[in-house]
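Student: Hey, got a minute to go through this model with me? I'd like to start with how helices cross.

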Amino acid sequence: MTPEPSPADEAGLEPVDLIRRSGTVLRIGRLALSAGTGSYRVKSHMTRAARALGLDHIAAHVTLTEITATSYRGPIFRTELTEVRSIGINADRLAQLERFSAALPAGADLDAVDAELDRIARRPPLYGALLNALWAGIACAAFAFLNNGGLVECGAVLVAAALGQGVRRAMLHRGINQFGVTMLAAAVASLAYLVLVLALSALAGVDGGHEAGYVSAVLFLVPGFALVTGALDLAKLDFSAGVARVTYALMILASAALAVWGVSAAAGLTPDPVPPPGLAEPLFLGLRSVASFLGVLGFALMFNSPWAMALGAASIGMVANVGRLLLVDADVVPQAAAAAAALLVGLLAATVAPALRVPRITVSVPAVVIMVPGVTAYRAVYEFNTGATAQALAYAVEAGLVIVALAIGLAVARMLTDREWTFER
């Protein structure tokens, strides 16, 4: 009778070295996924780490919240699964991981790699809760002006959006369901805007509708990163990740829009388009440029971008968004203007990002987020709820075409400037 192997004998049969190296490769992918990047970038980090740690090959399947990876070395392999439950954006972590993985030498020391990943994982946010809320308020106030809001609307939006983002961040850090948090944050921002705009109107002696700012107060909830990275994943034929990201983004949009619709229905507000202010053309163009710069800057900082990265994104976004608005004013269809602007963002990011030593996505996505038609998407939900199906479909198609056009512009720019996107390997 053959004796049963002892635990010590079984441990000796395990490829312990492969297990450690495979776990480290999976860990760098998990850190990248938790920071909000697309699946193609997660795989890139894992491939670089696997090569540096002496693995022959790694095959990874990445979705919105999971990574399944198989590491190969010689005749043995190991398959592991990890899950990320908190979906968020951390541009600083993405930059740290990009620099680290790009600099990994062949034959890298495993303990040194683990120690550096520990440092990156423990790195605290660059900005505290109050500053993070302020960046959201600044970005949404800039949106309010670009949506033809006046001084009263922009001032009320700044405070309301900051309050909403403060509530959102505090609750997400406590692990509360993201869709419920989105609805609550949207309701807080909407109610705060209504209260503030009435108070400011009374103080300034201004009367009338303030719908231009009402929707802008919740635009910090627009999941621009998920929409753009999801569309780029689809462009790379990574359908499992792309479809999951786009579905998640649409659910976040629907959660926010339903909360805003509920508040607006109770208050009697309608999201009708607002005419532009009667300003001289040079002054209006200058203010649009400033608003575009501040809007992108606010979103970039809200995504935990370092200042150099945020300023680079804001400069690119200002040029591209002002160009887009001029094209729309010249009666170019919105989706064509959006595609041209996103193409310009992608081409400029290909130059600016390497100079700053940051991932291209951390510069291009904040610059494009300001072009995502959040107001149009909200109008679609509002009209659906009022029963105006034809108008709702028109708004939904317009918003969808613009989002697709933004993704196409960024994808074409990547194909023109990155061989990994130009050729399938």
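Tutor: Sure, and one term up front: a crossing is left-handed if the near helix is turned anticlockwise from the far one by less than a right angle, and right-handed if clockwise. Also keep in mind that this is a predicted model.

Student: OK, so which hand does the crossing of H15 and H17 have?

Tutor: H15 and H17 cross in the right-handed sense.

Student: And at what angle do H15 and H17 pack?

Tutor: About 150°, with the axes 11 Å apart; H15 covers residues 360–369 and H17 covers 389–417. Angles over 145 degrees count as roughly antiparallel, so H15 is roughly antiparallel to H17.

Student: Which residues meet there?

Tutor: From H15 you have Arg360, Ser364 and Val368, and they meet Leu406, Leu410, Ala413, Arg414 and Thr417 of H17. By type, the residues of this contact split into 4 nonpolar, 2 polar and 2 charged.

Student: Switching topic: where is Glu98, and is it buried or exposed?

Tutor: Glu98 is in helix H4, residues 91–102. Its relative accessibility is 14%, and buried means under 20%, so Glu98 counts as buried.

Student: What is Glu98 in contact with, leaving aside neighbours within four places in sequence?

Tutor: Arg41, His45, Arg48 and Pro359.

Student: Now backbone stuff. Which sign does phi have in most residues other than glycine?

Tutor: Most of them have a negative phi. Asn148 is not a glycine, yet its phi is positive, about 75°.

Student: Where does Asn148 sit, and is it buried or exposed?

Tutor: Asn148 is in the loop between helix H6 (129–146) and helix H7 (151–172). With a relative accessible area of 19%, Asn148 is buried.

Student: What about Leu237, what is its phi?

Tutor: Positive as well, about 65°, and Leu237 is not a glycine either. Leu237 lies in the loop between helix H10 (224–235) and H11. At 54% relative accessibility, Leu237 counts as exposed.

Student: You mentioned H11. How many residues does it have, and how far does it reach?

Tutor: H11 runs over residues 239–267, which is 29 residues, and it reaches 41 Å from its first C-alpha to its last. That's close to the 42 Å expected at 1.5 Å a residue.

Student: And what follows H11?

Tutor: Gly268, with a positive phi near 80°.

Technical notes:
Residues are numbered from 1 along each chain as its sequence is written. This is a predicted model: local features need pLDDT of at least 70, side-chain atom pairs count only at pLDDT 80 or more; totals for chains, interfaces and linings use all residues. Side-chain values use heavy atoms; hydrogens and water are left out. Helices (H or I, at least four residues) and strands (E, at least two) are DSSP runs, numbered from the N terminus. The expected span of a helix is 1.5 Å times one less than its number of residues. Buried means under 20% relative accessible area, exposed over 50%, partly exposed in between (1.4 Å probe, protein chains only). Contact means heavy atoms within 4.5 Å. Axes are lines fitted to C-alpha atoms, for helices over the stretch in contact, and angles run from 0 to 180 degrees between N-to-C directions. Angles under 35 degrees count as roughly parallel, over 145 as roughly antiparallel, 65 to 115 as roughly perpendicular and the rest as oblique. Ala, Val, Leu, Ile, Met, Phe, Trp, Tyr, Cys and Pro count as nonpolar, Asp, Glu, Lys and Arg as charged, and the others, Gly among them, as polar.
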